[in-house]
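Please look through the sequence and the three-dimensional structure below before reading on. The paragraphs that follow lead from one place in the chain to another, so it may help to keep the structure in view.

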Amino acid sequence: MATYTISVIGGDGIGPEVIAEARKALLAVGERCGHAFVFREYLAGGAAIDATGVPLPEDTVRGVKDSQALLFGAIGGPRWENLPHHLKPEAGLLRLRRELDAWANLRPAIVFDELVEASTLKPEVVRGTDILVVRELTGGIYFGTPRGISGEGAERRGFNTEVYSEREVERIVRLACTLARARRRQVCSVDKANVLESSQLWREVATRVAREFPDVRLTHMYVDNAAMQLIRAPRQFDVVVTNNMFGDILSDEASQLTGSIGMLASASIGGPVGFFEPIHGSAPDIAGQGIANPLATIATAALLLRHGLRLEAEAQLVERAIRAVLAEGLRTRDIAQPGCAVVGTREMGDAVAAKIRSLP
Ligand code: NAD
């Protein structure tokens, strides 16, 4: 029996609620496939601030680095919003990403046939959408220096720096092209090369890297057009590769194609330990009510199996289980049609775990 050590950070708000359901799914996979998953819990975000005074305690960093993959819920909430920047929950998350050198964020946005009505867009527009957004995660304007606020009065200025090296662009585009090979072999690189020098470099390097992949078709699109095309004709996209900030925005937009942010998983990879989290936040408005959709986090567990532990068949088993419960009509509130019966977080998690055990 193979043993895998997974570090787990529930975090704040609905984080611990949805993580509990993802753990159930992994345990069911373990039972069925003969793996032992050992979970080690750590603190981060608001929960860590309350317990230790800092958003990312050192033993969290050490413990996570010593595991094979990190399953992460969500952090943050109104209670910690007014702390100084370096003590905010988000500062802990950004540092953890940097510590793990997780430079690539993968965000699949898949419109399941069963949920085609849940999208705010017309079914004929979103049906069949299957996009993988590959976002650069450790560079660009979120980390570039100089940054800050300086000056006085009307001349006071806030400033950040968008900066990319060739090496950073090369590795993310190479990853996008590699992932495209297991899909429809199309990569759309999104930039703002008509205005930004950093994007001009991005485009030049992307074009060069793509020559290593003659079987993959690379196209380029300006980010403003991409934002429009995503909701106009989303099926035109297969893999989208882009920088940190554009990826942040476009992947949230892509999430809405699917109907609910509660359905979308993400994987942050590239370093020695992969970081797997749903794309939603801690949803303080519904925390503690047992109504959060756990499917994003369960789908995140599937990505953990695929990209973190290289257990492809097990990842597919989890994804088939999610589809099976949706096909049977189970819905949490966020993906239910008006008037339709809804289940809570725990019922949905139990149903997926049962499917993992029973699917042929
Ligand atoms: P959010 O994603 O937490 O919530 C946005 C909306 O989506 C809310 O109405 C919420 O109820 C709903 N929602 C989110 N997840 C859901 C789920 N699983 N099931 C059903 N509904 C769901 O975003 P927000 O409200 O902008 O942020 C809330 C807090 O989360 C903030 O403190 C923010 O900083 C933090 N946040 C953390 C992360 C992270 O940990 N990676 C990401 C985004 C936001």
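Asparagine 82 has a relative accessible area of 77%, and because a residue counts as exposed when this value is over 50%, asparagine 82 is exposed. In this model, which is a predicted one, asparagine 82 sits in the loop that runs between S3 and H4. If you look from there to leucine 257, which is 175 residues apart from asparagine 82 along the chain, you will find that the C-alpha atoms of the two residues are separated by 32 Å.

The strand S3, at one end of that loop, also takes part in an aromatic pair. The structure holds 3 aromatic pairs, and one of them is formed by phenylalanine 72 and phenylalanine 275. A pair of aromatic rings is described by the distance of the centres and the angle of the planes. For phenylalanine 72 and phenylalanine 275 the distance is 5.1 Å from centre to centre and the angle between the planes is 50°, and the pair is tilted. Phenylalanine 72 belongs to strand S3 and phenylalanine 275 to strand S12, which covers residues 274–278, so that the pair links distant parts of the chain, 203 residues apart. Are these two rings buried or exposed? Phenylalanine 72 has a relative accessibility of 1% and therefore counts as buried, and phenylalanine 275, at 0%, counts as buried as well.

We can now turn to the ligand, which has 21 residues around it; those that come nearest are Ile75, Glu90, Gly281, Ala283 and Asn293. By class, this shell consists of 10 nonpolar, 7 polar and 4 charged residues. Where do oxygen atoms of the ligand meet polar backbone atoms? An oxygen atom of the ligand is 2.9 Å from a polar backbone atom of isoleucine 75, while for serine 282 such a distance is 3.1 Å and for alanine 283 it is 2.7 Å. Taken alone, the ligand exposes 810 Å², of which the protein buries 69%. The elements that give two or more residues to the shell are strand S3, residues 69–74, and helix H4, residues 89–99.

Alanine 283 deserves a second look, since its backbone has a phi near 40°, which is a positive value in a residue other than glycine. This residue is placed in the loop between S12 and H10. Arginine 310 likewise has a positive phi, of about 55°, although it is not a glycine, and it is found in the loop between H10 and helix H11, the latter spanning residues 312–327. With a relative accessibility of 66%, arginine 310 counts as exposed.

Arginine 306, by contrast, lies within helix H10 itself, which covers residues 295–308. Its relative accessible area is 18%, and because the limit for a buried residue is under 20%, arginine 306 is buried. Leaving aside its neighbours within four places in sequence, arginine 306 is in contact with Leu311, Glu312, Ala315, Gln316 and Glu319.

A last backbone feature is found elsewhere in the chain, at the peptide bond from threonine 145 to proline 146, which is cis, with omega near 0°. Proline 146 lies in the loop that joins strand S5, residues 130–136, and strand S6, residues 148–150.

Technical notes: Residues numbered from 1 in each chain as written. Predicted model: local features only at pLDDT ≥ 70, side-chain atom pairs only at ≥ 80, totals over all residues. Heavy atoms only, no water. Near = heavy atom within 4 Å. Polar contact = N/O pair within 3.5 Å; in protein donor to acceptor, adjacent residues only side chain to side chain. Areas by Shrake-Rupley, 256 points an atom, 1.4 Å probe, with all protein chains shown as cover. Helix = DSSP H or I, 4+ residues; strand = E, 2+ residues; numbered from the N terminus. Nonpolar A, V, L, I, M, F, W, Y, C, P; charged D, E, K, R; others polar. Phe/Tyr/Trp six-rings, centres within 6.5 Å; stacked < 30°, edge-to-face > 60°. Buried < 20%, exposed > 50% of the residue type's maximum accessible area, 1.4 Å probe, protein only. Contact = heavy atoms within 4.5 Å.
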